[in-house]
Amino acid sequence: MRRDPPPELLAERDRAVLAAPLHLPTPRWSSRSVAAFTGTSQSDVARVWARCYARGAGPLPPGPLRLLAVAVSPENSMLVLTSTTSSGTHVPGGPRTFMRSVRRPALQTVLASDLRFDATSGAAVDPGGPARDAALAGNARSVVDTGAQVLVVSRRALPALDDGCTHIVVAGDADWQRLLEALVRQCAEPALPVLTGLQHQLMQWARGGAQRFEWLDAEAPYEPRPPMQGPPPTARAVADEMFRLIVRRLVEGRLRAGSRLTEADLARVLRTSRLHVRDALRTLASDGLVDLEPHRGAFVPSPLVSDILETYAVRRALGAIVVRHAAQMPASTLAPVEQALERMLRVARTTSDSYLTGDADLDLQDVLAGVTGLRSAAPMFRTTTAQIKLYVAVIGLSYSYPIPDMCQDDIALVQHLRAHDEAAALRRWHAKVDAATGLMTLRLRQSRPAGAARPAAGTP
């Protein structure tokens, strides 16, 4: 069960409209794309927003605020805020003008994350969830000045919090969504790129299988608290989180090819030790996702055409192993692949964005590799996916495979697998990878002069 029945429940249609920003394929959504995604009209979306985001008497104190942390789980949602000396977000004070703020979509997505789980979702409740929420609130408390007041707003009551924390419980689904106007008008910090990064993380989390989401403002001068009980993080787990951070910063323009990756910064942002960061960097370097130079450190790679050709050649061979194995499996085991195909087709239909559709296409291929259960080929295949995503982020290229071709190839591939037609599935896979290879290398050659060398690490 999600939580005790709240004082005010949202209607099913309202819930679908309010939750849509979390599930849309792009953060650049509008009432039109929400309407297309939910199968309703744009005017209906506007009416739901007007009704559900009506402010009324909110629980937040007056004055500019800074968002410090966010947590979402099947049993609770939590925001941690503190007062700030910023002059505010400069949102006009007229009725509903806050909806035109550039900060509104990200904050709207934060609140929409509360609607991912409900009483029928079947999500497992973590008995230790309240303690983890309280620990995150304590970590957020440690990054602000001594004596600063910290406001913890949550859907359920929490255990005893650190001194200096004021706790407000907002139990109703609708009341939680009504926090939007106050957040937009009062949350002057963090900066917009950081909020946009949070929005990307929430949307990625909603597409994955993780039950719990945690975020702590990476721009805050974090001092680690004593380690929590339990086994230390493995190099692979830290490496995966580090890779997501690198790609996010590349997309946000905060990193580029050749940028140096410092252990101290990564340890602070990832809330782990420099020893774990060092091990994770070695793991990423072994996957070709980071360049390590003796006595200089770690750098964002600067890929060449030869790197892309090598990656796709390996991916072509590994994918053939995956396709052969999948073609021999019972059709019922392909259900996750069909669900991923539906997500990809929905992205293509609602956005017409080749980058987002390509990203969903790569996710579908990873799902296919995962369902085979191949202990060696599947992880290696997913490594090539990470390499391709890194290349796209570093170079700023589109995945560049035409959307109609992506859709046609994926539909045909899944049909061949369900029919156990191994030969046809292999032909489709090889044609798909060969076309993608040609398009990616063509784009890279067009983006750099002929004969251009790899930029030196640490240089623009």
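The following exercises, each with a worked solution, concern side-chain contacts, strand pairing and backbone geometry in a predicted model.

**Exercise 1. Cysteines**

Determine how many disulfides the structure holds, and state whether cysteine 165 and cysteine 407 are buried or exposed.

*Solution.* The number of disulfides is zero. For the burial of the two residues, the cut-off is a relative accessible area under 20%. Cysteine 165 has a value of 18% and is therefore buried. Cysteine 407, at 13%, is likewise buried.

**Exercise 2. A three-stranded sheet**

Give the strand order of the open sheet that contains E7, E8 and E9, and identify its edge strands.

*Solution.* The order is E7-E9-E8, and the pairing is antiparallel. Strand E7 (260-261) and strand E8 (291-293) each pair on one side only, and these two are the edge strands. Between E7 and strand E9 (residues 297-299) there are two bridges. Within this pairing, leucine 261 is found opposite alanine 298 of E9. In general, the strands of a sheet pair through backbone hydrogen bonds.

**Exercise 3. Aromatic pairs and charges over rings**

Classify the geometry of the pair formed by tryptophan 29 and tryptophan 49, and explain what the pair ties together. Then do the same classification for tryptophan 205 and phenylalanine 213.

*Solution.* The structure contains three aromatic pairs.

1. The ring centres of tryptophan 29 and tryptophan 49 lie 6.1 Å apart, with 65° between the planes, and the pair is edge-to-face.
2. Tryptophan 29 belongs to the loop between helix H1 (12-23) and helix H2 (31-38), whereas tryptophan 49 belongs to helix H3 (residues 42-52), so the pair ties together parts 20 residues apart in sequence.
3. Tryptophan 29 is buried, with a relative accessibility of 8%, and tryptophan 49 is buried at 7%.
4. For tryptophan 205 and phenylalanine 213 the centres are 5.6 Å apart and the planes meet at 50°, so this pair is tilted. Both tryptophan 205 and phenylalanine 213 are buried.
5. Tryptophan 205 also has a charged partner: the charged end of arginine 116 sits over its ring, 4.4 Å from the centre. In another such arrangement, the charged end of arginine 315 sits over the ring of phenylalanine 381, at 4.1 Å from the ring centre.

**Exercise 4. Salt bridges**

Which residues are joined with aspartate 173 into one salt-bridge network, and which parts of the chain do its salt bridges to arginine 15 and arginine 155 link?

*Solution.* The whole structure has 24 salt bridges.

1. Arginine 15 and aspartate 173 form a salt bridge with an N to O distance of 2.8 Å. Arginine 15 is in helix H1 and aspartate 173 in helix H6 (residues 173-177), so that distant parts of the chain, 158 residues apart, are linked. Arginine 15 and aspartate 173 are both buried.
2. Aspartate 173 also meets arginine 155 in a salt bridge, at 2.9 Å. Because arginine 155 lies in the loop between strand E3 (150-154) and strand E4 (165-169), and aspartate 173 in helix H6, this pair ties together parts 18 residues apart in sequence. Arginine 155 is buried as well.
3. A salt bridge elsewhere pairs aspartate 359 with lysine 389, with the closest N and O atoms 3.6 Å apart. Helix H14 (residues 354-372) holds aspartate 359 and helix H15 (residues 377-395) holds lysine 389, 30 residues apart. Aspartate 359 is partly exposed at 22%, and lysine 389 is partly exposed at 22%.
4. Through shared partners, Arg15, Asp114, Arg155 and Asp173 are joined into one network.

**Exercise 5. A polar contact of helix H15**

Describe the setting of threonine 385 and identify its side-chain partner in a polar contact.

*Solution.* Threonine 385 is part of helix H15. Its relative accessible area is 2%, so the residue is buried. The side chain of threonine 385 makes a polar contact of 2.6 Å with that of aspartate 366.

**Exercise 6. Positive phi**

Locate histidine 295 and histidine 420, and report the phi angle and exposure of each.

*Solution.* Most residues other than glycine have a negative phi. Histidine 295, although not a glycine, has a positive phi of about 65°. This residue lies in the loop between E8 and E9 and is exposed, at 88% relative accessible area. Histidine 420 has a positive phi of about 60°. Its place is the loop between helix H16 (403-418) and helix H17 (422-447). With a relative accessible area of 41%, histidine 420 is partly exposed.

Terms used
Residues numbered from 1 in each chain as written. Predicted model: local features only at pLDDT ≥ 70, side-chain atom pairs only at ≥ 80, totals over all residues. Heavy atoms only, no water. Disulfide = S-S within 2.5 Å. Buried < 20%, exposed > 50% of the residue type's maximum accessible area, 1.4 Å probe, protein only. Pairing = 2+ DSSP bridges. Helix = DSSP H or I, 4+ residues; strand = E, 2+ residues; numbered from the N terminus. Phe/Tyr/Trp six-rings, centres within 6.5 Å; stacked < 30°, edge-to-face > 60°. Lys NZ or Arg CZ within 6 Å of the ring centre and 35° of its normal. Salt bridge = Lys/Arg side-chain N within 4 Å of Asp/Glu carboxyl O. Polar contact = N/O pair within 3.5 Å; in protein donor to acceptor, adjacent residues only side chain to side chain.
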